[in-house]
Amino acid sequence: MKIEQLNQIILKSIEKKSVKNFDKLEWDSLSHLNILSTLEKKFPKKISSIKGIADFNNYKNLSRILIKKKLIK
């Protein structure tokens, strides 16, 4: 998955059309659950197996771990 696709998933989950700076973006627990659920559908059993992913409720941490796990480019 490309980083742009992750951005679209996040925008849809937080119900915004655009964001100026993704790196400073944070979201609430309901949006976080929606983001993780959507990612789990795209990568079955890979998202839920990432230790601590439930605590990554901001863009910077989430994107960093997904890049590290080679799920996004």
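User: How do you know which residues Asn7 is in contact with?

Analyst: Contact means that heavy atoms lie within 4.5 Å. Leaving aside neighbours within four places in sequence, Asn7 is in contact with Phe22 and Tyr59. A word on the source: this is a predicted model, where local features need pLDDT of at least 70 and side-chain atom pairs count only at pLDDT 80 or more, while totals for chains, interfaces and linings use all residues. Residues are numbered from 1 along each chain as its sequence is written, and side-chain values use heavy atoms, with hydrogens and water left out.

User: Why is Asn7 called buried?

Analyst: Buried means under 20% relative accessible area, with exposed over 50% and partly exposed in between (1.4 Å probe, protein chains only). Asn7 has 13%, so Asn7 is buried. Tyr59, at 6%, counts as buried, and Phe22, at 17%, does too.

User: What makes Phe22 and Tyr59 an aromatic pair that is tilted?

Analyst: Rings of Phe, Tyr and Trp (its six-membered ring) pair if their centres lie within 6.5 Å; planes under 30 degrees apart are stacked, over 60 edge-to-face, and the rest tilted. Here the rings are 5.1 Å centre to centre with 45° between the planes, which fits tilted.

User: Why does this pair tie together parts that are apart in sequence?

Analyst: Phe22 lies in the loop between α1 and α2 (29-42), and Tyr59 is in helix α3 (residues 59-68), so the pair joins parts that are 37 residues apart in sequence. Helices here are DSSP runs (H or I, at least four residues), numbered from the N terminus.

Methods
Helices (H or I, at least four residues) and strands (E, at least two) are DSSP runs, numbered from the N terminus.
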